[in-house]
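Hi,

Here is the structure I said I'd pass on to you. Have a look at it first, then read my notes below.

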Amino acid sequence: MKGSSMNTHMGNIVINNEVIAQYAGSVAVECFGIVGMAGVNVRDGLVRLLKMDSLTRGINVSLNNHKLTLDFHVIVAYGVSIIAVSDNLVSNVKYKVEEFTGIEIEKINIFVEGVRVID
């Protein structure tokens, strides 16, 4: 099991990276301008919008020196400022994931994989 761990006075706590990715993904899709997470097929170079139950495939979680690094592959809404959406995503995810896990986030990387028109 790949997980993020921390030691407390009562013992060791291990949080599976999949749990962190699922929570971060649910926070991300709540942000204005984010249509959803992107699944990238490296072999074919294809990008597709992931369904809500597959959010974790668009997010990579890694732990280095007791700090998290999150990589988001997202699809943004057409006509919105990518900078504004990215700033909103970073601030929301950083606050909520740190509050949820108790682990500091060192870096959040955002890869905009596509743009979609929202009906």
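**What I found**

Glu98 is partly exposed, with a relative accessible area of 24%. I'm starting there as it belongs to a salt bridge, and we'll come back to its partner in a moment. Please keep in mind that this is a predicted model.

First, the overall picture. The protein chain has two helices and seven strands, and along the sequence they come in the order β-β-α-β-β-β-β-α-β. There are 119 residues, and 36% of them count as buried. If you take the contacts with a separation of 6 or more, 63% are between residues 24 or more positions apart. The accessible surface is about 7300 Å², and carbon and sulfur atoms make up 52% of that.

Now zoom in on helix H2, which covers residues 82-101. Does its length make sense? What span should 20 residues give at 1.5 Å a residue? The expected value is 28 Å, and the end C-alpha atoms are 27 Å apart, so the two agree.

Which residues of H2 are buried? They are Val85, Ser86, Leu89, Val93, Val97 and Thr101. Looking down the helix axis, you'd see these buried residues fall within an arc of 90°, so they line one face of H2. On the other side of the helix, Ile83, Asp87, Tyr95 and Glu99 are exposed. Right after H2 comes Gly102, with a positive phi near 80°.

Next, the charged pairs. Side chains of opposite charge can pair when their charged atoms come close. This structure holds two such salt bridges.

- Glu98 pairs with Lys94, and their closest N and O atoms are 2.7 Å apart. Both sit in helix H2 and are four residues apart, so about one helical turn separates them. Lys94 is partly exposed, at 33% relative accessibility.
- Glu30 pairs with Lys96, with the closest N and O atoms 3.8 Å apart. Glu30 is in the loop between helix H1 (17-29) and strand S3 (34-41), while Lys96 is in helix H2, so this pair ties together parts that are 66 residues apart in sequence. Glu30 counts as exposed, because its relative accessibility is 59% and the cut-off for exposed is over 50%. Lys96 has 30%, so it counts as partly exposed.

There is also a loop worth a click, the one between strand S5 (59-64) and strand S6 (67-77). Asn65 is found there, and its phi is positive, near 55°, even though the residue is not a glycine. His66 is in that loop between S5 and S6 too, and has a positive phi of about 60°, again without being a glycine. Are these two buried or exposed? Asn65 is exposed at 72% relative accessibility, and His66 is exposed at 62%.

Last stop, the surface. Tyr78, Val115 and Val117 make a nonpolar patch of about 360 Å². Of these, Val115 lies in strand S7 (residues 104-116). With a relative accessible area of 49%, Val115 is partly exposed, because exposed would need over 50%.

If you want a route through the model, begin with helix H2 and its buried face, go on to the Glu30 and Lys96 pair, and finish at the patch with Tyr78.

Cheers

Conventions: Residues are numbered from 1 along each chain as its sequence is written. This is a predicted model: local features need pLDDT of at least 70, side-chain atom pairs count only at pLDDT 80 or more; totals for chains, interfaces and linings use all residues. Side-chain values use heavy atoms; hydrogens and water are left out. Buried means under 20% relative accessible area, exposed over 50%, partly exposed in between (1.4 Å probe, protein chains only). Contact means heavy atoms within 4.5 Å. Accessible areas come from the Shrake-Rupley method with a 1.4 Å probe; for residues, only the protein chains shown count as cover. Patches are made of residues with over 30% relative accessible area and no salt bridge: like charges are joined within 9 Å, nonpolar side chains (Val, Leu, Ile, Met, Phe, Trp, Tyr) within 5 Å. A salt bridge is a side-chain nitrogen of Lys or Arg within 4 Å of a carboxyl oxygen of Asp or Glu. The expected span of a helix is 1.5 Å times one less than its number of residues. The arc is that of the directions from the helix axis to the C-beta atoms.
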